[in-house]
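Biologist: Please take one helix of this model and go through it closely, explaining how its two sides differ and what lies around it.

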Amino acid sequence: MNILITTYRSLGYGGAEISTKLLAESLAKLGNKVVIASSQEYEGLDTRLFRKFERIPFFGLHEIYLSRFLSNLIDKESIEVIYAQDRLTSVSAILAAKKNKIKSSVHFRDYWFTCPYSSCMAPDYFEYDKCDWKIIIKHFKFRRWFWDFYKLIYLKKARKVLEEADLKLANSSAVKKRLEFNGIKTNVIVMPILRDFSKISNGSGNIIQSRYNLRKKVITFIGNLTPPKGIMNMVKIMPDILNENISFLIVGDGVLYDEIKQKNIDGVVLAGKLKYEEMVDVYAASDLILLPSIWQEPLSGILLEAAAMEKFVLSSSSGGSKDVMKDLIDPYDLDEWKKRIKELIEDDKLRERKARGWSEEAKKKYDADVIARRVEECLKQ
């Protein structure tokens, strides 16, 4: 099968790009011809570069340009199915597929199809299934109104095009639910994210341990430092957990970085955003990973990356985590978070047993080759 994968950015932007690269590699391994259209190079893969718009004030103009670019590529490479991975290429991909009379598929990894923030959570933590002008006026920041209203009008039009895609893959039940709530209902299938367990080696952790002078045991948070990620709830309870033997390593950057730094909590280490290649050592240096998201996070790759390194993740019960894990905590029950963190960081045997169990389960269900075969079958059908 000749497959054209479309995605706006390459590695270094977020977890979706990691999943895209692994999926492309695994589909190629299965004998498919895979071409990637992106504004940035995907090393080791056949990448065709289109022009990058740093800011896109006119989505319509961008779609005209990109759909023409993709149409020419479809014709030149005898593409049979176009497979879009993100918000900035999906509509153009469907339009190009219709013009060239081939099949189209879209992979939904967040809530961009209904929310200007792609999160379905307003800055004041108000959560919704479908954004509208009333929500923007009541819950969004005034300085963003013009931009958010513009995006809202665009998204309403975009959803009509998205429904015309032949196949929609949602990376969790939470995403599927909101797709259907927004009128995108036909041929929607839940398809989890993936990681290549064979490529993630067992790092020593020594580099990270030494660089940040970490204590004997390390609790780690990995992700954007934004309110929906729940990081401030963890910062709030850490003074009751940390001691001379325990560090809390925070890997990531965002609007809350300075606020966390100013608290100057003993044992809290802010590493900032690290390169993807360094993350193996981060996981290796960690004893327990926290995923305390308060928003309906579609499905975090941290769950699988930790599993590949045989590390246990203590996750909130929001979003896609419910699809893959049973041992979950209410994101707002801080007493329970405190209790469970203490229990797991103090009991090495319990923590290691849970980590091994999660690792074995994840490898069977979410390895790149396993998910790629499922995706290939969906695309063929």
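Modeller: On one side of helix H2, the residues Leu61, Arg68, Asn72, Asp75 and Lys76 are exposed, and this has to be read from a predicted model. The buried residues of H2 are Phe59, His62, Glu63, Leu66, Ser67, Leu70, Ser71, Leu73, Ile74 and Glu77. Seen down the helix axis, these buried residues fall within an arc of 165°, so they line one face of H2. Behind such a pattern stands a simple rule: an α-helix has 3.6 residues a turn, so residues three or four places apart point the same way.

As for what lies against that face, the cover of the buried residues of H2 includes strand S1 (2-6), strand S2 (33-38), strand S3 (46-49) and strand S4 (81-84), together with helix H3 (90-100) and helix H5.

The length of H2 can be checked as well: it runs over residues 59-77, and because each of its 19 residues should add 1.5 Å, a span of 27 Å is expected, which agrees with the 26 Å between its end C-alpha atoms. Just after H2, Ser78 takes a positive phi of about 55°.

Two aromatic residues numbered within the range of H2, Tyr65 and Phe69, belong to one aromatic cluster with Tyr8, Phe50 and Phe53. Phe53, a member of that cluster, also has the charged end of Arg51 over its ring, 4.8 Å from the ring centre.

Note on methods. Residues are numbered from 1 along each chain as its sequence is written. This is a predicted model: local features need pLDDT of at least 70, side-chain atom pairs count only at pLDDT 80 or more; totals for chains, interfaces and linings use all residues. Side-chain values use heavy atoms; hydrogens and water are left out. Rings of Phe, Tyr and Trp (its six-membered ring) pair if their centres lie within 6.5 Å; planes under 30 degrees apart count as stacked, over 60 as edge-to-face and the rest as tilted. A charge sits over a ring if NZ of Lys or CZ of Arg is within 6 Å of the ring centre and within 35 degrees of the ring normal. Helices (H or I, at least four residues) and strands (E, at least two) are DSSP runs, numbered from the N terminus. The expected span of a helix is 1.5 Å times one less than its number of residues. Buried means under 20% relative accessible area, exposed over 50%, partly exposed in between (1.4 Å probe, protein chains only). The arc is that of the directions from the helix axis to the C-beta atoms. Contact means heavy atoms within 4.5 Å.
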